[in-house]
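Me: I have a model open and would love a guided close look at one part of it. Could you start from the charged side chains and work outward from there?

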Amino acid sequence: MFHSSTARVHDRRTRTRRLAPAFAFVLAAAAMTGGLQPARAAEQDSAVPAGSTVAGLAFPGSGILYKPAAVAESMLDRTTALGAGWVRFDAAFAEMSPERGTIKWSGLDRLVQAARDRGLKVLLAIGTTPSWARPAGTDWNHGPVDEAGRATFRAFAVEAATRYRGKVAAYEIWNEPNLGGSWNPQPSPAAYLSLLSTTSAGIRSADPDADVISGGTGPSEPGEKALEPLPWYRALYAGGLRSMIDGVAVHPWPHSDRVDVGEMAQSFEIRKVMDANGDATKLIWGTETGVPTAGAYSITESAQAAVIPKLYDRWNALPHHGPLFYYTLTDNGGTNREDAFGLLRVNGSEKPAFGTLKTWISSNR
């Protein structure tokens, strides 16, 4: 989820687009003439029609932060045209704070305000560890596993929540913490809960109206150090998750054109775990999903257009669910499957899926 410029991207059948390069959207966005919009939290301009509460768009990493304002706002306008009501942005601590004592807020400030101006709600996914805050020889995905690391991460999250109070609706803590590729050296329910507990308390103190949700879980790859989503959440609830969060996040990636298997099927089981642990009233959020039209395990554009409404129909059948965020707006122009999940082609033209999702959203408000 946290798309660092140094991050590796895994090619997986269900697609966990864990980390895309920070510059990933530049070519595509520059070619676009329309626009998309980031999400916004509590207050909305009454002159702006509200988008769907069920559908959102997830943007890949921090790349959008460094685009010219006109390009980023154009992307947000396309999001509004789609009818989505939410956007998910990354607040990648490692990229935003290259040096101790310095945090680059200007790009995120611009995006959050642009989302607010368009009546969008913002989900901000906070994660990664700066080089100055992690042991030598480790990477951005090193999980904060000691008290000092957790305190540093919490301080960043609290500063974000203070800065965006009343503007960001929800915060997601880390991305795919159940996977070794996102939480090194090895995923640990206990270590993650320690981070979540202190970070959630800090965000709630800074912005009591914002929701805090757990990091969306992804599917593991062969040989990867990981816990699958269902046992991961069982372990988290056994460790006290209930008191720390306002909702649970999953990544219900389909398997090619199958929408009722894999992570989507596990989402229904995770919903049962929530209910059994006293969280029946809390929402389950789908903070990433998508299907590629090029590269390994891809499907055709026409098949993508047919699958996406089925994906949202299946999500809609999940009891007490929150929004499902489609990843992502536009292709990146490369030949890897990670470049081809977009609803728009690299030149900004619409794939058929843009129209089918727009129709679905219009019919399911």
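Which residues are linked with Glu73 in a network of salt bridges?

Reply: Happy to walk through this one with you; please keep in mind that the model is predicted. The network of salt bridges you ask about links Glu73 with Asp77 and Arg118.

Glu73 also takes part in a helix contact. Helix H2 covers residues 69-82 and helix H4 covers residues 106-117, and the two pack with their axes 10 Å apart at an angle of about 40 degrees. That angle makes H2 oblique to H4. The crossing of these two helices is right-handed. On the H2 side, Ala69, Ala72, Glu73 and Leu76 make the contact, and they meet Arg110, Leu111, Ala114 and Ala115 in H4. Sorted by class, this contact of H2 with H4 has six nonpolar residues, two charged ones and no polar ones. Glu73 therefore appears twice in this picture, in the salt-bridge network and in the H2 side of the contact with H4.

Now for the other charged pairs. As background, side chains of opposite charge can pair when their charged atoms come close. The model has 13 salt bridges by the rule used here, and three further ones are good to look at in turn.

Begin with Asp260 and Arg258, whose closest N and O atoms are 3.2 Å apart in a salt bridge. Asp260 has a relative accessibility of 41%, so it counts as partly exposed. Arg258, with a relative accessible area of 42%, is partly exposed too.

Next come Asp279 and Lys282, whose side chains meet in a salt bridge at 3.1 Å from N to O. Here both Asp279 and Lys282 are buried.

The third is the salt bridge between the side chains of Asp331 and Lys351, at 3.0 Å from N to O. This pair links distant parts of the chain, with its two residues 20 apart in the loop between strand E8 (321-326) and helix H10 (352-363). Asp331 is buried because its relative accessible area is 10%, which is under 20%. Lys351 counts as buried as well, at 2% relative accessibility.

The loop between E8 and H10 has another feature to check, as Thr328 is found there. A cis peptide bond joins Tyr327 and Thr328, with omega at about 10 degrees.

A second cis peptide bond joins Asn184 and Pro185, where omega is about 5 degrees. Pro185 is found in the loop between strand E4 (170-173) and H6. Trp174 has its place in the loop between E4 and H6 too. Although Trp174 is not a glycine, it has a positive phi of about 70 degrees. Trp174 counts as buried, at 1% relative accessibility.

Following the chain into H6 brings you to another helix pair. The axes of helix H5 (residues 147-163) and helix H6 (residues 189-206) come within 8 Å and cross at roughly 25 degrees. H5 and H6 are therefore roughly parallel to each other. H5 passes H6 in a right-handed crossing. Residues of H5 in this contact include Arg150, Phe153, Arg154 and Ala157, and among those they meet in H6 are Leu195, Thr198, Gly202 and Ile203. By class, the contact of H5 with H6 has eight nonpolar, five polar and two charged residues.

One more stop takes you back toward the region of Arg258 and Asp260. Ser256 sits in the loop between strand E6 (247-250) and H8, and has a positive phi of about 55 degrees without being a glycine. Within helix H8 (residues 262-276) lies Met264, which counts as buried at 1% relative accessibility. Leaving aside residues up to four places away in sequence, Met264 touches Pro252, Trp253, Val259, Leu311, Arg314 and Trp315. For one of these, Arg314, the C-alpha atom is separated from that of Met264 by 8.2 Å, with the two residues 50 apart along the chain.

To set these places in the whole chain, the secondary structure comes to 10 helices and eight strands. Of the 365 residues in the chain, 60% are buried. Among contacts between residues at least 6 apart in sequence, 78% join residues at least 24 apart.

Technical notes: Residues are numbered from 1 along each chain as its sequence is written. This is a predicted model: local features need pLDDT of at least 70, side-chain atom pairs count only at pLDDT 80 or more; totals for chains, interfaces and linings use all residues. Side-chain values use heavy atoms; hydrogens and water are left out. A salt bridge is a side-chain nitrogen of Lys or Arg within 4 Å of a carboxyl oxygen of Asp or Glu. Buried means under 20% relative accessible area, exposed over 50%, partly exposed in between (1.4 Å probe, protein chains only). Helices (H or I, at least four residues) and strands (E, at least two) are DSSP runs, numbered from the N terminus. Contact means heavy atoms within 4.5 Å. Axes are lines fitted to C-alpha atoms, for helices over the stretch in contact, and angles run from 0 to 180 degrees between N-to-C directions. Angles under 35 degrees count as roughly parallel, over 145 as roughly antiparallel, 65 to 115 as roughly perpendicular and the rest as oblique. A crossing is left-handed if the near helix is turned anticlockwise from the far one by less than a right angle, and right-handed if clockwise. Ala, Val, Leu, Ile, Met, Phe, Trp, Tyr, Cys and Pro count as nonpolar, Asp, Glu, Lys and Arg as charged, and the others, Gly among them, as polar.
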